[in-house]
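Colleague: I've got the model open and I keep running into labels I'd like to see justified. Can we go through some of them together?

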Amino acid sequence: MKKRTRKTKVLIIGAGPSGSIAALRLCELGFRDFILVDGKKFPRHKPCAGGLSPMALGFLDRTGLSRVLKGRGPAEMNSVRLVRPDGREDVFSTGLKGYVLNRKIFDKLLLDEAVKAGAEFIPGFHISDIFLDGSGNAAGATDGISAIESEVTVICTGGHNRLLREGVFPDRRPLRRIVSRIGWWKGFDLPDGRLEMVFDRDLSPHYGWVFPEGNGTVNIGICLYEDRLRGKSLTSAFESFLERHYSEKLKNAEPTGPAYSYPINTSGSVGTLYGSGMLLCGEAGRLCDPATCEGISMAMESGRFAAEAVYGAYSSGTLDRAALAEYQRLCAGAFDKRLRASSFFSALLNMGLFNPIIDFSSSRLGKKLLAGLL
Ligand SMILES: Cc1cc2nc3c(=O)[nH]c(=O)nc-3n(C[C@H](O)[C@H](O)[C@H](O)COP(=O)(O)OP(=O)(O)OC[C@H]3O[C@@H](n4cnc5c(N)ncnc54)[C@H](O)[C@@H]3O)c2cc1C
């Protein structure tokens, strides 16, 4: 017997970009019978490079949210130093708008918007189980002490969700997991507005990076398919990467805290994002670019789609699978082509076609095409 049970129409689990945007959008639509929970108290640390891509910035612009970035000092990125697997390097201007903002700040800004708009947020509520009713519909969740019963459960728990994924998620495709490790340093010598991407052979088809966060702070990280570690630990793969590429620069820099390892769930297409009574958003639904690991934009966009689909279902009085399938349709329309194209691009890199691809994408025509695509 649980100590306390609450009831709500919609339970949103996870207050990262997908969950907070879902909550904010429900409020904007005038729908208040929902609860947003997160296992953490905010502001909370999230291992992430904090790169706000042109897609993420486009979303913030379209939804009137770019104002939350004003005065928060996100570091602008306007040039890239790109190191190829054969060691050659190029520096070119991106011609694209991009920012870096630490996720402790960014996620709190989005959550604050949702709470200001009227969302009820319960921090420190870590879901250990999603329970199903007699017909197999998601009917709420518990942290082991209290329970929240709901008619719809919107799962926004990010990449760290093996327990829930293997238990209740409708997407049963095998997952080729990407693992990452990231740390922060002060005093690292990096020209203003510069980001670095290092396509080290050991990480192929993925890469390592240096992202500027402003005030002389950078984050440095690597991401790679877990099976590429070939028995090595992620920590030692990260240390070897730092030694190979940044041993000199790191002599004058100070780490500002520990490094973190974190999984990244990506996919080469949009999978099943809804089940009976449940929707999966953001990285819980593997909505993350398989080549670049950029996931913030799709997390926010999918959260907004989820809110609109749920609102539509309640407005039409038909809260069944078909109504929730609207969410799948919206996500497939917005993300499927992109995930497929990125997966194709990643496969080409893996086949050793790095140089022709990079030569093309840094050419004027390539840049034009890229800007158009984005
Ligand atoms: C090292 C690294 C670097 C990255 N760099 C970038 C980048 O530069 N740009 C970019 O666009 N993307 C980047 N990504 C990907 C990006 O971080 C994610 O795709 C994005 O955060 C997904 O958002 P989300 O809302 O789905 O989940 P998250 O942001 O992960 O939020 C999930 C939330 O759910 C909560 N939660 C999880 N489980 C539970 C539970 N059981 N009960 C209650 N609460 C729970 C967590 O506390 C968290 O607050 C990076 C990822 C990593 C790991």
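What follows is a chat about how some labels in this predicted model are earned.

Colleague: Let's start with Asp107 in helix α3 (residues 103-116). Why is Asp107 called buried?

Modeller: Buried means under 20% relative accessible area. Asp107 comes out at 1%, so it counts as buried. Leaving aside neighbours within four places in sequence, Asp107 is in contact with Gly16, Pro17, Phe42 and Arg44.

Colleague: And what makes Ser146 count as buried or exposed?

Modeller: Ser146 has 14% relative accessibility, and the cut-off for buried is under 20%, so Ser146 counts as buried. Ser146 lies in strand β11 (residues 146-155). Not counting residues up to four places away in sequence, Ser146 touches Arg4, Phe125 and Ala141.

Colleague: Now the helices. How do you know whether α1 and α3 are roughly parallel or antiparallel?

Modeller: Helix α1 (residues 17-28) and α3 pack at an angle of about 20 degrees, with their axes 8 Å apart. Angles under 35 degrees count as roughly parallel, and α1 and α3 therefore get that label. Their crossing is left-handed.

Colleague: Which residues make that contact between α1 and α3?

Modeller: On α1, Pro17, Ser20, Ile21, Ala23, Leu24 and Cys27. On α3, Arg103, Asp107, Leu110, Leu111, Glu113 and Ala114. By type, the contact of α1 with α3 has eight nonpolar residues, one polar and three charged. Our buried Asp107 shows up here too.

Colleague: What about α6 and α7: why is that pair described as roughly parallel or antiparallel?

Modeller: Helix α6 (residues 296-316) and helix α7 (residues 321-350) pack at about 155 degrees, with 7 Å between their axes. Anything over 145 counts as roughly antiparallel, therefore α6 and α7 are roughly antiparallel to each other. The crossing of α6 and α7 is right-handed. Contact residues include Phe305 and Ala309 of α6, and Leu330 and Phe335 of α7. The residues of that contact divide into twelve nonpolar, two polar and three charged.

Colleague: There's a little sheet as well. What makes β3 and β4 edge strands?

Modeller: Three strands form an open sheet in the order β3-β7-β4, with antiparallel pairing. β3 (51-52) and β4 (75-76) each have a single partner strand, so one side of each is left without a neighbour in the sheet.

Colleague: How do you know that β3 and β7 pair?

Modeller: Two strands pair if there are at least two bridges between them. β3 and strand β7 (residues 99-100) have two bridges, in the antiparallel sense. Leu52 stands opposite Tyr99 in β7.

Colleague: Next, what makes the Phe42 to Pro43 bond cis?

Modeller: Omega is about 0 degrees for the bond joining Phe42 and Pro43. Pro43 is found in the loop between β2 (34-37) and β3. The bond from Ser204 to Pro205 is also cis, with omega near 5 degrees. Pro205 has its place in the loop between β13 (194-198) and β14 (208-214).

Colleague: And why would anyone remark on a positive phi or a cis bond?

Modeller: Because most residues other than glycine have a negative phi, and most peptide bonds are trans. Arg286 has a positive phi of about 60 degrees although it is not a glycine, and Cys293 has one of about 65 degrees, again without being a glycine. Arg286 is found in the loop between β19 (278-280) and α6, and Cys293 is found in the loop between β19 and α6.

Colleague: Are Arg286 and Cys293 buried or exposed?

Modeller: With under 20% as the cut-off, Arg286 is buried at 5% relative accessible area, and Cys293 is buried at 16%.

Key
Residues numbered from 1 in each chain as written. Predicted model: local features only at pLDDT ≥ 70, side-chain atom pairs only at ≥ 80, totals over all residues. Heavy atoms only, no water. Helix = DSSP H or I, 4+ residues; strand = E, 2+ residues; numbered from the N terminus. Buried < 20%, exposed > 50% of the residue type's maximum accessible area, 1.4 Å probe, protein only. Contact = heavy atoms within 4.5 Å. Axes fitted to C-alpha atoms, helices over the stretch in contact; angles between N-to-C directions. Parallel < 35°, antiparallel > 145°, perpendicular 65-115°, else oblique. Left-handed = near helix turned anticlockwise from the far one by under 90°. Nonpolar A, V, L, I, M, F, W, Y, C, P; charged D, E, K, R; others polar.
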